[in-house]
Amino acid sequence: MQWGGWWMGLVVFAAIAQTARNAAQRSLTRDLGTWPATLVRFLYGLPLAGLVLVLLYTLPAQAPEIAQWTGAYFGWLAMGAFFQIAATGALLLAMQQRNFAVAVTLSKTEVLQVALFGAVFLGELPTHWALAAMAIATIGVALLSLPPRQIGAKLDWRSKAAMYGLICGACFAIATVGFRGAALALDAPSALLSGAWGVFIAQCMQTLAMGAWFLWRDRSVLLRIAKAWRVSLIAGCMGSAASLAWFSAYALQSAASVRTLGMVEVVFSYLVSRRLMKEQLRRNEKWGIALMLVGIVVICTQL
């Protein structure tokens, strides 16, 4: 198997690790709040990212060269880090409008928006088949996201929930493009080294920014985060492991292709939830999973 083909395995691993992180963060969000739980993801993930960097420089017989950082590299990373936080905020605002289905469904337009922003900022034009795969997978996610009472309902595209949902998808898409741009700018000797540096520096930026915010607004949050270190460590390590795989995949393949295959995460999360809750899949949910899998298969066979 050629090295370039490893990006698929990296994405699947990232999806699995991210599913585990989401499970660990569920209790943290309830106990700490959404924004503190978001900080946990970056703060407690830093040790793992740093450890991976150390291992990559000490384990090989011939240590790789130190990465050649540029202003463009830090600019791309800062862009990705900022919009990743902004996307979370937009999703929260959408949910506050009491229309969770619209918020989640429209945020999943991220994949199509990644293709748009990737073409504009990076000049990565997807093929017609790739665009078709993205559209099919996005429709599948929409079917999964809608609860029974919303199936066939008309969405109000002028509502605040719809606006915030679209903004959320756009911010996640721009963050993905930023991280892909950083990987290209670094041009590291290996995808894993590129991913390790990207995750470590980006999470440092996010931890410092959010930590400074809580120091200014509510220092007690930091104490509560420290007390919840056991679950936080699991969430942080799983999140960091997922990010390492995502960033490494960005160094090997276009952002649009990576995020399309990454939609398999929704299938993992959904199946885990159903398994734990012992519930049967509804007809629209079966169709949603089937469409997502079709889109994923198409994107993989076209690369």
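## Exercises on an all-helix model

Leaving aside neighbours within four places in sequence, Phe83 is in contact with Cys171, Ile174 and Ala175. The model is predicted. Work through the exercises with the structure open.

### Exercise 1. The setting of Phe83

Task: State which helix holds Phe83, and whether Phe83 is buried, partly exposed or exposed.

Solution.
- Step 1. Find the element. Phe83 sits in helix H4, residues 71-95.
- Step 2. Read the accessibility. Phe83 has 24% relative accessibility. Buried requires under 20%, and exposed requires over 50%. Phe83 therefore counts as partly exposed.
- Step 3. Check the spacing to Phe172. Along the chain, Phe83 and Phe172 are 89 residues apart, yet their C-alpha atoms are separated by 6.5 Å.

### Exercise 2. Cysteines and disulfides

Task: Determine how many disulfides the model contains, and explain why Cys168 is not in a bond with Cys171.

Solution.
- Step 1. Set the cut-off. A disulfide needs two cysteine sulfur atoms within 2.5 Å.
- Step 2. Take Cys168. Its closest cysteine sulfur belongs to Cys171, at 7.2 Å, so the pair is too far apart for a bond.
- Step 3. Turn to Cys171. It is in no disulfide, and its nearest cysteine sulfur is that of Cys168.
- Step 4. Give the count. The model has zero disulfides.
- Step 5. Add the burial. Cys168 is buried at 0% relative accessibility. Cys171 is buried too, with a relative accessible area of 9%.

### Exercise 3. Overall make-up

Task: Give the number of helices and strands, and the share of residues that are buried.

Solution.
- Step 1. Count the elements. There are 14 helices and zero strands.
- Step 2. Judge the burial. Of the 303 residues in the protein, 49% are buried.
- Step 3. Look at contact range. Take the contacts with a separation of 6 or more: residues 24 or more positions apart account for 86% of them.

### Exercise 4. Helix H2 and Arg41

Task: Say how many residues of H2 are buried, and which residues Arg41 touches.

Solution.
- Step 1. Locate H2. It spans residues 34-43 and is mostly covered, with seven of its 10 residues buried.
- Step 2. Name them. The buried residues are Pro36, Ala37, Thr38, Leu39, Val40, Arg41 and Phe42.
- Step 3. Focus on Arg41 in H2. Its relative accessible area is 13%, and it is buried.
- Step 4. List its partners. Not counting residues up to four places away in sequence, Arg41 touches Arg21, Gln25, Gln84, Gln203, Gly236 and Ser243.

### Exercise 5. H3 against H9

Task: Describe how H3 and H9 pack, by angle and axis distance.

Solution.
- Step 1. Recall the description. Two packed helices are described by the angle between their axes and the distance between the axes.
- Step 2. Read the geometry. H3 (residues 46-58) and H9 (residues 191-217) pack at about 150°, with axes 9 Å apart.
- Step 3. Classify. Angles over 145 degrees count as roughly antiparallel, and H3 and H9 are therefore roughly antiparallel to each other.
- Step 4. Add the hand. The crossing of H3 and H9 is left-handed.
- Step 5. Identify the contact. H3 contributes residues including Leu46, Val52 and Tyr57, and H9 contributes residues including Trp197, Phe200 and Thr207.
- Step 6. Sort by class. The contact has 13 nonpolar, three polar and no charged residues.

### Exercise 6. Thr207 of H9

Task: State whether Thr207 is buried or exposed, and which residues Thr207 is in contact with.

Solution.
- Step 1. Place Thr207. It is found in helix H9.
- Step 2. Judge the burial. With a relative accessible area of 12%, Thr207 is buried.
- Step 3. List its contacts. Leaving aside neighbours within four places in sequence, these are Leu39, Phe42, Leu43 and Leu46.
- Step 4. Check the spacing to Gly45. Thr207 and Gly45 are 162 residues apart in sequence and 9.8 Å apart in space, C-alpha to C-alpha.

### Exercise 7. H9 against H11

Task: Give the angle, the axis distance and the hand of the crossing of H9 with H11.

Solution.
- Step 1. Read the geometry. H9 and H11 (residues 229-250) pack at about 125°, with axes 7 Å apart.
- Step 2. Classify. H9 is therefore oblique to H11.
- Step 3. Add the hand. H9 passes H11 in a right-handed crossing.
- Step 4. Identify the contact. Among the residues that make it are Gly195, Gly198 and Gln203 of H9, and Ser240, Ser243 and Phe247 of H11.
- Step 5. Sort by class. The contact residues divide into seven nonpolar, six polar and no charged.

Methods. Residues are numbered from 1 along each chain as its sequence is written. This is a predicted model: local features need pLDDT of at least 70, side-chain atom pairs count only at pLDDT 80 or more; totals for chains, interfaces and linings use all residues. Side-chain values use heavy atoms; hydrogens and water are left out. Buried means under 20% relative accessible area, exposed over 50%, partly exposed in between (1.4 Å probe, protein chains only). Helices (H or I, at least four residues) and strands (E, at least two) are DSSP runs, numbered from the N terminus. Axes are lines fitted to C-alpha atoms, for helices over the stretch in contact, and angles run from 0 to 180 degrees between N-to-C directions. Angles under 35 degrees count as roughly parallel, over 145 as roughly antiparallel, 65 to 115 as roughly perpendicular and the rest as oblique. A crossing is left-handed if the near helix is turned anticlockwise from the far one by less than a right angle, and right-handed if clockwise. Contact means heavy atoms within 4.5 Å. Ala, Val, Leu, Ile, Met, Phe, Trp, Tyr, Cys and Pro count as nonpolar, Asp, Glu, Lys and Arg as charged, and the others, Gly among them, as polar.
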